[in-house]
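Hello,

Here is the model I promised to hand over, with my notes on it underneath. Have a look at it first, then read on.

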Amino acid sequence: MAPLQATIMTLVALGAVAVALTTDLVRLVIVSSAYTLLLVVLFVVLQAPDVALSMLVVGTIGYPLVLFVAIRRDRADE
Amino acid sequence: MSYLPFVLAAWIFVVGIFGIVRSRHYIHLVVCLSLTQSSTYVLLLSIGYVKHGGAPIFKDVPQGTRAVDPVVQALTLTDIVVSVTVAALVLALAIQAKKHAKTMNPDELRPVRG
Amino acid sequence: MSRRARLTLFGLAAAGLAALLLWSITGLPKFGDYHGAYGKILNKAAPKERQTSNVVAAVVFDYRGFDTMGEEFILFGAVMGVAMLLREPREDEAPVPEDPVRSDALRAFGISFAGATLVLGLWIVAHGYVTPGGGFQGGVILAAAFLLVSLAGSYRPYRRLTPVPIVDFAEGTGAGAYVVIGLCALLIGDAFLHNLLPYGVAGKLSSGGSIPLLNWASALEVTAAFVLLFNEFLSERAIMIDSTRRPP
């Protein structure tokens, strides 16, 4: 297997562990976006540009916004 | 070494469930749920990969060039956009639950009685 | 069940699950050895039959168009659920919240990029069946273009730009237009979602039969769904509570 593929797969595995172990909420959003960007690179390496575009757009615009606003509403209700 | 992507998908799945079991806040639980879901995307795209294949886009590329499978890409791409909406629905449920139970910790929520 | 007991039970179960998964992996073909016939047939036949150069878009909107209709209705239903849970009935009576954006860099970014993001989103939707892109990706970018207005100014202009009745109507129209295009084929006498328009030449914008129509319908639906989602989460009450607590 090509070295590029092996490298990016190892990084994705480490990123998944990082997301599961982060407990502070705001840091979790940033770490989750970084994991999404690693997945985008993996999808490009696997020759899937449509899927990579979709994941990029959702992981940087859709998902962090929904999470940040949920965190804010959670803290505002206290 | 040629089974690495499949082992990666299994690894992400188990790590995601570990995050769900161990979490202390509902928002962390939702993020780990979407992490578990991302393992299925990795598995699908790895199954469709063809060695030395290009992307299945044939603009300015001659017909008959080797390309990867387009069907699994079609399945994955709609799924990614829909999964963020479903995660938003689960977060809305958690926000509503907080109004009644005053807590976002899954361990402290009791089932409704009576 | 106490937390420690749950974690121990999970540890045992996860070991069993991991063993089963690793055993099942040995039954798969090696990475790169693709044995399926459907993918190879589509790669050879789709550019000639449907005259689209993006085979993935042809699969999403034509060969598996029925599945995409189901996914759109999942999107519709989930956004409807969020609206039912979070929409507050008396929003217009609340006093105007003070929510000025205090950073000049953020305002400059919002002003300069809102228009460019709108054009980028429209381009990606329009060329979805020629190069990588499509209704789903471009729809989220268009929703982000509306959101940048709230970065450039305060909350009020953003809400005036995306009034709830119009966004609701746009979302329903997007989902419904997909079904109506399919039903038009039934009226002519073909199967549901069969092709209506002439195919054209691959690589141009006027190609692919009814794929462009379905593309734009799904882009409209995804844009409206995401704008509605952001609106429901960013309701005025929540922001007002937060800003009255913080001293200016």
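One cut-off before the notes: a residue is called exposed here if 12 or fewer other C-beta atoms lie within 10 Å of its own, and buried if there are 20 or more. Please also keep in mind that this is a predicted model.

That cut-off settles the case of C:Leu205, which has 11 C-beta neighbours inside 10 Å and therefore counts as exposed. C:Leu205 sits in the loop that runs between helix H8 (164-188) and H9 of chain C. Beyond its neighbours within four places in sequence, C:Leu205 is in contact with C:Ala126 and C:Val130. The loop residue also has a distant partner in sequence to look at: C:Thr52 is 153 residues away along the chain, yet the two C-alpha atoms are separated by 9.3 Å.

A:Val40 makes a good companion case. This residue belongs to helix H2 (residues 25-45) of chain A. With 19 C-beta neighbours inside 10 Å, A:Val40 falls short of the 20 needed for buried, so it counts as partly exposed. Its contacts, not counting residues up to four places away in sequence, are A:Ala52, A:Met55 and A:Leu56. Between A:Val40 and A:Thr60, 20 residues apart along the chain, the C-alpha separation is 11 Å.

Now to chain C as a whole. The chain has ten helices and zero strands, and its pattern along the sequence reads α-α-α-α-α-α-α-α-α-α. Of its 248 residues, 34% count as buried. If you take the contacts within chain C between residues at least 6 apart in sequence, 74% of them join residues at least 24 apart.

Next, how the chains meet. Between chains B and C, the contact takes 40 residues from chain B and 47 residues from chain C. On the chain B side, the elements that give two or more residues are helix H1 (4-22) and helix H3 (70-101), and H3(B) gives the most, with 15 residues. That side of chain B divides into 27 nonpolar, eight polar and five charged residues.

For chains C and A, 18 residues of chain C are in contact with 16 residues of chain A. Three helices of chain C each supply at least two residues to the side that touches chain A: H6 (135-152), H9 (211-233) and H10 (236-245). The biggest giver is H6(C), with five residues. By class, this side of chain C has 14 nonpolar, three polar and one charged residues.

H1(B) deserves a closer look, with H1(C) as one partner and H1(A) as another. How do the axes of H1(B) and H1(C) cross? The axes of H1(B) and helix H1 (residues 3-25) of chain C come within 10 Å and cross at roughly 165 degrees. Angles over 145 degrees count as roughly antiparallel, which is why H1(B) is described that way relative to H1(C). Their crossing is right-handed. From H1(B), the residues making the contact include B:Phe6, B:Ala10, B:Ile17 and B:Arg22, and those from H1(C) include C:Arg6, C:Phe10, C:Leu17 and C:Ile25. The residues of this contact divide into 15 nonpolar, no polar and two charged.

With chain A, the arrangement is as follows. Helix H1 (residues 3-21) of chain A and H1(B) pack at an angle of about 5 degrees, with their axes 9 Å apart. That makes H1(A) roughly parallel to H1(B). Among the residues that meet here are A:Met9, A:Val12 and A:Val19 in H1(A) and B:Leu8, B:Trp11 and B:Val15 in H1(B). This contact has 15 nonpolar, two polar and no charged residues.

Last, the core. Which residues touch the most other members of the largest nonpolar core? They are A:Val66, B:Leu91, C:Val140 and C:Leu229, out of 115 residues in that core. H3(B) gives the most to this core, with 15 residues. C:Val140 is a nice place to zoom in: leaving aside its neighbours within four places in sequence, it is in contact with A:Val57, A:Val58, A:Ile61 and A:Gly62 of chain A, B:Val81 of chain B, and C:Val222 and C:Phe226 of its own chain.

Happy browsing, and best wishes

Conventions: Residues are numbered from 1 along each chain as its sequence is written. Chains are lettered from A and ligands numbered from 1 in the order in which they are written. This is a predicted model: local features need pLDDT of at least 70, side-chain atom pairs count only at pLDDT 80 or more; totals for chains, interfaces and linings use all residues. Two residues are in contact if their C-beta atoms, placed from the backbone, lie within 7 Å. Helices (H or I, at least four residues) and strands (E, at least two) are DSSP runs, numbered from the N terminus. Ala, Val, Leu, Ile, Met, Phe, Trp, Tyr, Cys and Pro count as nonpolar, Asp, Glu, Lys and Arg as charged, and the others, Gly among them, as polar. Axes are lines fitted to C-alpha atoms, for helices over the stretch in contact, and angles run from 0 to 180 degrees between N-to-C directions. Angles under 35 degrees count as roughly parallel, over 145 as roughly antiparallel, 65 to 115 as roughly perpendicular and the rest as oblique. A crossing is left-handed if the near helix is turned anticlockwise from the far one by less than a right angle, and right-handed if clockwise. A nonpolar core is a set of buried Ala, Val, Leu, Ile, Met, Phe, Trp, Tyr and Cys residues joined through C-beta atoms within 7 Å.
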